[in-house]
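Me: I would like to understand the reasoning behind the terms applied to this protein. Please set each value against its cut-off.

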Amino acid sequence: TTTTTTTTTTTKHAGAGLCKANSKVECNPSHDLSDAGEAKTYESCCDLCKAKAGCKAWTWVPLDKDVSYHGRCFLKSGCQNKTQNEGVISGWEDEPEELGLII
């Protein structure tokens, strides 16, 4: 008698795109994980997000905007709600892919 066992394992791959700039899109307005302070570029705002546990999205206000919070980097736990905002740039993780592996 031969017995065969099949096991399925699900692996999540980290989403790509966290540092892809999306102009005029704000992630989860008023739901910040933290205010990371000033960032000179959107790339540095993304780097701050990568360094913060639980950060999956960010919104940056460019330095050339005539508002009191220009240059600010706001870290987010996600970007489920996207709103149009002419004065910001945002980035977020893509949804992770699930791969079913049969062993």
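**Reasoning from values to terms**

Reply: From the N terminus on, the order of elements in the protein chain is β-β-β-α-β-β-β-β. That amounts to one helix and seven strands. The model is predicted. Of the 103 residues in the protein chain, 32% are buried.

Me: Why is Trp-92 called buried?

Reply: Buried means under 20% relative accessible area. Trp-92 has a relative accessible area of 17%, so Trp-92 is buried. This residue lies in strand E6, which covers residues 82-92. Its C-alpha atom is separated by 4.0 Å from that of Ala-57, 35 residues apart along the chain.

Me: What makes Lys-82 a residue that lies over the face of Trp-92?

Reply: The distance criterion is that NZ of Lys be within 6 Å of the ring centre, with a further condition of lying within 35 degrees of the ring normal. Lys-82 is at 4.8 Å from the ring centre of Trp-92 and is listed as lying over its face.

Me: How do you know that Tyr-42 and Trp-58 form a stacked pair?

Reply: A search of the whole structure finds one aromatic pair. Tyr-42 and Trp-58 form this pair, at 6.0 Å centre to centre and with 15 degrees between the planes. Centres must lie within 6.5 Å to pair, and planes under 30 degrees apart count as stacked. Both values meet these limits, and the pair is therefore called stacked. Tyr-42 lies in helix H1 and Trp-58 in strand E4, so the pair ties together parts that are 16 residues apart in sequence.

Me: Is each partner buried, exposed or partly exposed: what are the terms for Tyr-42 and for Trp-58?

Reply: Tyr-42, with a relative accessible area of 24%, falls between the 20% and 50% limits and is therefore partly exposed. Trp-58 has a relative accessible area of 0%, which is under 20%, so Trp-58 is buried.

Me: What makes the set that includes Leu-18 and Ile-89 a nonpolar core?

Reply: The term requires buried residues of nonpolar types, Cys among them, joined through side-chain atoms within 4.5 Å. Eleven residues make up the largest such core, including Leu-18, Ala-39, Cys-45, Trp-58, Trp-60, Leu-75 and Ile-89. Helix H1 (42-51), strand E4 (57-60) and strand E5 (72-76) each supply at least two residues of this core. Its largest share, three residues, comes from H1. A second, separate core of five residues includes Val-25, Cys-27, Cys-79 and Trp-92. In soluble globular proteins, nonpolar side chains tend to be buried together.

Me: Why does Thr-59 count as buried, and what makes its link to Ser-90 a polar contact?

Reply: Thr-59 lies in strand E4. At 2% relative accessibility it is under the 20% limit, so Thr-59 counts as buried. The side chains of Thr-59 and Ser-90 are joined at 2.8 Å. A polar contact needs N or O atoms within 3.5 Å, one able to donate a hydrogen and the other to accept it. The 2.8 Å value satisfies the distance limit, and the pair is listed as a polar contact. The Thr-59 side chain also reaches the backbone nitrogen of Cys-27, at 3.3 Å. Residues that Thr-59 touches include Glu-26, Cys-45, Phe-74 and Val-88.

Terms used. Residues are numbered from 1 along each chain as its sequence is written. This is a predicted model: local features need pLDDT of at least 70, side-chain atom pairs count only at pLDDT 80 or more; totals for chains, interfaces and linings use all residues. Side-chain values use heavy atoms; hydrogens and water are left out. Helices (H or I, at least four residues) and strands (E, at least two) are DSSP runs, numbered from the N terminus. Buried means under 20% relative accessible area, exposed over 50%, partly exposed in between (1.4 Å probe, protein chains only). Rings of Phe, Tyr and Trp (its six-membered ring) pair if their centres lie within 6.5 Å; planes under 30 degrees apart count as stacked, over 60 as edge-to-face and the rest as tilted. Contact means heavy atoms within 4.5 Å. Lists of a residue's contacts leave out its neighbours within four places in sequence.
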